[in-house]
Amino acid sequence: MAQAKITPPTPKRSTPSRRRRGLGIWAALFSTVFLLVLTAGLGLGLYGVHLDKVVRSKFEGKRWALPARVYARPLELYVGRPMTQDALVGELQRLKYRETADLGRAGSFNTDGDRVLIRTRPFRYWDGAESERLISVQIADGVITDMRSGGNGRDLALVRLDPALIASIYPTHNEDRVLLRRQQLPPLLVKTLLAVEDRSFYQHLGVDPRAILRAAFENLMAGRTVQGASTLTQQLVKNFYLTQERTLERKAKEAYMAVLLDHRYSKDEILTAYANEVYLGQDGSRAIHGFGLASRFYFDRDLDELSTPQVALLVAILKGPGEYNPRRHPDKATERRNLVIDLMAHHQVISAAEAEQAKSAPLGIKDGGAKPAGDYPSFIQLVRRQLQRDYREEDLRSEGLRIFTTLDPLIQTQTETAVQTRLPKLDAQRGYKRGTLETAAVVTSVSQGEVLALVGGRDTDYAGFNRALDAVRSVGSAIKPVVYLTALSQPERFSLLTPIADRPISLRIGGQLWQPKNYDRRTHGTVPLYRALAKSYNLATINLGLQVGVDHVADMLGRLGVVRPVKRVPAMLLGSVSLPPIELAQVYQTIAAGGFRAPLRAIREVLDAAGKPLNRYPLAVEPVVSSDAAYLTQWAMRKVVEQGTATWLNQKLPEDLQVAGKTGTTNDMRDSWFAGFSSDRVVVVWVGRDDNKPMGLTGSSGALRVWGDIMASIDNQSLRDAAPDSIELASACGSSEIPFSRGHAGVSNCGSQGGPDKAAPAEQEPKLAQGQTSEPSDPAPPRRERDEPRNVSPFMSDFYGN
């Protein structure tokens, strides 16, 4: 039987329309994905363009708001300069020079008998750069006798040591940096940094995938975050551009910007920026950024002077500047440092033997490093006031200015020492609690009007009320030289021997009778003009002042440099004028300079961050008084020291140091002043109480003692006898040494009590009640003059003259 043939069913074929529908779905899906990818890529690209602009704008623009750096004057060395070896060594130590037998590194020195060998530091001054060099300085009998190059033995005419950094004016957010170039980063620091933080820095493209995988594995195995994977480039991006938040979005943005940064800039540029930006600690409100500043902050040394364990500690601090703060947590800092040292040895940055030696070294932290703002706070206040007149505050806080001042650190130190030594003695002398008396002192140069030192109070480290600038106090008899200068400016009427009546006077002022007296309650008849000043006779001074005219005396004050309003009343002749010490220093500087007013200045030059001069503060000298009158006044003021109220100086100062000056004591002994000068230094000192209570000290028993201590310690030159050509010496009243201006008034009377050596005997010490002293106080008028405002110094508004 034949079997039926079975034919398999024919499979259904899809219709063309169904096939087309399937392809359409896949095409639509592909198109959607493609568009999404394209859109995402385009968005990511556009976002990358934006981030690239952000990266470039800061990296190529002003990366940091740099503080303004304030420098003292550079020490100038030359043959013939008075200087002891101890003084030179002290100056080098203040500049952080290291005393060592190896002079191969800049900033080092050693002594060899009467020679000091110095390897100077390179420095860019306002008038050009000076390179590092080795010099030999020989000193004998307190004078530099020879100076030559240590390399070729060539004689050197002048060498300047790099000036001390005395302050910084920080940006508003209180960040600080010492910027370094790539070649200034020590190789040891770079190798250690890469070994610990980013071993593939020179190979990766901003992020390190292998480090990411390695960190992810370690963290997974530990169950917590134990290892990070951020490259130095990522860390720089985080510090430079981003916040510290820990989110996935921020990490992704950080990685993207790191790739862009790595693409745009060289590895060395990125490494340099990182080294200057990285955060390494906190100093109060000031953030410590960069290895350059951190080296000074922790070790008081430049970065290239650090040892192996010190470099390791800086790198160790990176992990957590708070947690590994070597001052607060020395044990944890030591543990972390030693781990870094082990890594250095493991990666062959140093040998195993060096590592063991480094781990046994102490941390070596120095206190006070990189804190220049506290060294001379009173002087810095003066500098800031001068700067605020000429610069906007935002420029001072962001432009990286370099400000060269007139401060002489040696004279400043000696002035501070004199104040700190003498004030406790004066407290004890009066039976006061230590700290009762306050003081202020100003030291300037005669010829250039430069403020060399300034003390605003007995606590010289305190940055509060600055008495040298803002204590507006009655100056007492310290005003008297102005009265006599005014008279001697009229040679046809007055000479040093013009007889002046020291007799009672009675004036009605504002309905009240004013009857001033001499301190010894006596009159002295008719005395020569110069003796009236030397002995500080009140009555003679008033009679002279009334003859020349109160208005003329007030005008003379203005010509000498006083800019605040002065009440033109007779009491002004005895010192009712109120001035701060720095303004009185301007008055005396003009007299000391022979009648040439050089407006006092605290700044020499200002440079921008690139070293270009921004502003010049040249010496501006103006003749305001005849040289004859100034010389004759100086001569009379010498007699104050030789015969008058300042004779104590004769036993304090060297015999060959001739000086001139004037004491000042106000009513009830509330203020004690001495202002005076040598040939090249003007010094003004005030002593008193902040509460303005009587203190029982006169000008000669208070301020004069501080003044003498200062002048005995600082370098200065004796007053010279050379007189202007128009001055001649003549014999008169038993003396052949009296100077006269040609065309002077005749000498009709040498004084009722004889010639210069016999007139008016020196005051006798009166019998005193408990708490009194023998020096006179200058009577004030019955009605007390209104005090000048104490929070503003008009003198500062005209600090350089008009």
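This passage looks at strand pairing, a helix contact and salt bridges in a predicted model.

Strand pairing comes up in a couple of places. Strands β25 (residues 603–607) and β26 (residues 613–616) pair up antiparallel, with three bridges between them. Leu-607 has Pro-613 of β26 as its bridge partner. The two strands make a hairpin, with five residues sitting between β25 and β26. One residue of that turn, Gly-611, takes a positive phi of about 90°.

Then there is an open sheet of three strands, ordered β12-β14-β13, and its pairing is mixed. The edges belong to β12 (175–176) and β13 (279–283); each has a single partner strand, so one side of each lacks a neighbour in the sheet. β12 and β14 (residues 286–289) run parallel and are joined by two bridges. Within this sheet, Asp-176 sits opposite Ile-288 of β14.

As for strand β8 (residues 134–140), Ala-140 belongs to it. With 30% relative accessibility, Ala-140 counts as partly exposed, because that value falls between the 20% and 50% cut-offs. Its C-alpha lies 6.8 Å from that of Asp-114, a residue 26 positions apart from Ala-140 in sequence.

On the helical side, the axes of α20 (residues 581–592) and α21 (residues 627–642) come within 9 Å and cross at roughly 110°. That angle falls in the 65 to 115 degree window, so α20 and α21 count as roughly perpendicular. Helix α20 brings Tyr-588, Ile-591 and Ala-592 to the contact, while α21 brings Ala-630, Thr-633, Gln-634 and Met-637. Sorted by type, the residues of this contact are five nonpolar and two polar, with no charged ones.

Charged side chains get their turn with the salt bridges, of which the model has 40. One of them joins Glu-438 to Arg-467, with the closest N and O atoms 3.7 Å apart. This pair ties together distant parts of the chain, 29 residues apart: Glu-438 is in strand β16 (residues 438–445) and Arg-467 is in helix α15 (residues 467–470). Both partners, Glu-438 and Arg-467, are buried.

Asp-680 and Arg-681 form another salt bridge, with a closest N and O separation of 3.9 Å. Here too, Asp-680 and Arg-681 are both buried. For Arg-689 and Asp-691, the closest N and O atoms of the salt bridge are 3.0 Å apart. Arg-689 counts as buried because its relative accessibility is 15%, whereas Asp-691, at 39%, counts as partly exposed. Finally, Arg-73, Glu-91, Arg-94 and Asp-408 are linked through a network of salt bridges.

Conventions: Residues are numbered from 1 along each chain as its sequence is written. This is a predicted model: local features need pLDDT of at least 70, side-chain atom pairs count only at pLDDT 80 or more; totals for chains, interfaces and linings use all residues. Side-chain values use heavy atoms; hydrogens and water are left out. Helices (H or I, at least four residues) and strands (E, at least two) are DSSP runs, numbered from the N terminus. Buried means under 20% relative accessible area, exposed over 50%, partly exposed in between (1.4 Å probe, protein chains only). Two strands pair if DSSP finds at least two bridges between them. Axes are lines fitted to C-alpha atoms, for helices over the stretch in contact, and angles run from 0 to 180 degrees between N-to-C directions. Angles under 35 degrees count as roughly parallel, over 145 as roughly antiparallel, 65 to 115 as roughly perpendicular and the rest as oblique. Contact means heavy atoms within 4.5 Å. Ala, Val, Leu, Ile, Met, Phe, Trp, Tyr, Cys and Pro count as nonpolar, Asp, Glu, Lys and Arg as charged, and the others, Gly among them, as polar. A salt bridge is a side-chain nitrogen of Lys or Arg within 4 Å of a carboxyl oxygen of Asp or Glu.
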